[in-house]
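Please open the model in your viewer and keep the sequence panel beside it. The tour below goes from one selection to the next and says what is to be found at each stop.

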Amino acid sequence: MRWKAIYAFGFTVAELAQLEMERARIVIRRLMWMLNEESGGMAWGVGEAFAEALYNSEALKKEYLQIYVSYIWPEGNYLEYPPAQRGILWGVGRLSQKYLQDLLKISAHEYIILHLSSEDPLVAFYSVWALSFFKELIDFTPLKEKIERALSLVEKTLPEHFFFDGKSLKVYKPSDLKALLSK
């Protein structure tokens, strides 16, 4: 249900952007406030919904992509809480499916790499998954040890994970992540 709601939210905000861009901006700014630690809450699913809105709207992507990625930049709007990082890392992977060159221009892959060393298995999982989209564009050789460490953590603690990969809802296993990296 959660992933369907995220997908529907992204589609709806993108439609709103086509009709009334300023109203869509208000929604995006509300998401940004929810991601702000000063808001006082934990914005479950907000990182994912924000990404899905950008994925479905070129106009929103142009305005907010760099801000979105800044949530995993240590010098940006960095989110320290691993559950919040998960949503943003999933979102960067999702956005990579459509806007890979734009993400490369703002060095999003460098910030994904920083999260490979996370002790949180889902942060490690989403980092490897998101980074897999960059495999044709960057040299993974210097990252081999970090990727193997992340995969090892995932294998030990997360035998499978159910999520929306941009095409369908499915269960991913560590072997699926390895296969993505080797394709």
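**Aromatic pairs**

Across the whole structure, a search finds 14 aromatic pairs, where rings of Phe, Tyr and Trp (its six-membered ring) pair if their centres lie within 6.5 Å, and planes under 30 degrees apart count as stacked, over 60 as edge-to-face and the rest as tilted. Select tyrosine 7 and phenylalanine 164 to begin: their ring centres are 5.7 Å apart and their planes stand at 75°, so this pair is edge-to-face. The pair links distant parts of the chain, since tyrosine 7 is in helix H1 (residues 2-19) and phenylalanine 164 is in strand S1, 157 residues apart; helices (H or I, at least four residues) and strands (E, at least two) are DSSP runs, numbered from the N terminus.

Before moving on, note that this is a predicted model, in which local features need pLDDT of at least 70 and side-chain atom pairs count only at pLDDT 80 or more, while totals for chains, interfaces and linings use all residues. Residues are numbered from 1 along each chain as its sequence is written, and side-chain values use heavy atoms, with hydrogens and water left out.

Is phenylalanine 164 buried or exposed? At 9% relative accessibility, phenylalanine 164 counts as buried, whereas tyrosine 7, at 41%, counts as partly exposed; buried means under 20% relative accessible area, exposed over 50%, and partly exposed in between (1.4 Å probe, protein chains only).

Next, select phenylalanine 125 and phenylalanine 163, whose ring centres are 5.4 Å apart with planes at 90°, so this pair too is edge-to-face. Phenylalanine 125 lies in helix H7 (residues 121-132) and phenylalanine 163 in strand S1, so the pair ties together parts that are 38 residues apart in sequence. Both phenylalanine 125 and phenylalanine 163 are buried.

To see these rings in their wider setting, select Trp3, Tyr7, Trp90, Phe125, Tyr126, Trp129, Phe133, Phe163, Phe164 and Tyr172, which form one aromatic cluster. Two charged side chains can then be added to the view: arginine 2 lies over the face of tryptophan 3, at 4.9 Å from the ring centre, and lysine 170 lies over the face of tyrosine 172, at 4.7 Å from the ring centre. A charge sits over a ring if NZ of Lys or CZ of Arg is within 6 Å of the ring centre and within 35 degrees of the ring normal.

**The hairpin**

Now show the backbone of S1 and of strand S2 (residues 169-172), which run antiparallel and are joined by four bridges; two strands pair if DSSP finds at least two bridges between them. Starting again from phenylalanine 164, look across to S2, where its bridge partner is leucine 169. S1 and S2 form a hairpin with four residues between them, and glycine 166 in the turn has a positive phi of about 100°.

**Salt bridges**

A search of the whole structure finds 12 salt bridges, each being a side-chain nitrogen of Lys or Arg within 4 Å of a carboxyl oxygen of Asp or Glu. Select lysine 61, which is buried, with a relative accessible area of 6%. Lysine 61 forms a salt bridge with glutamate 58, the closest N and O atoms being 3.2 Å apart, and these residues, three apart in helix H4 (residues 58-69), are separated by about one helical turn. Glutamate 58 is partly exposed, with a relative accessible area of 39%.

Lysine 61 also forms a salt bridge with aspartate 102, where the closest N and O atoms are 2.8 Å apart. Here the pair links distant parts of the chain, lysine 61 being in helix H4 and aspartate 102 in helix H5 (residues 82-105), 41 residues apart. Aspartate 102 is partly exposed, with a relative accessible area of 24%.

**A last stop in a loop**

Finally, select serine 107, in the loop between H5 and helix H6 (108-114). What is the phi of serine 107? The value is near 60°, which is positive in a residue other than glycine. Most residues other than glycine have a negative phi.
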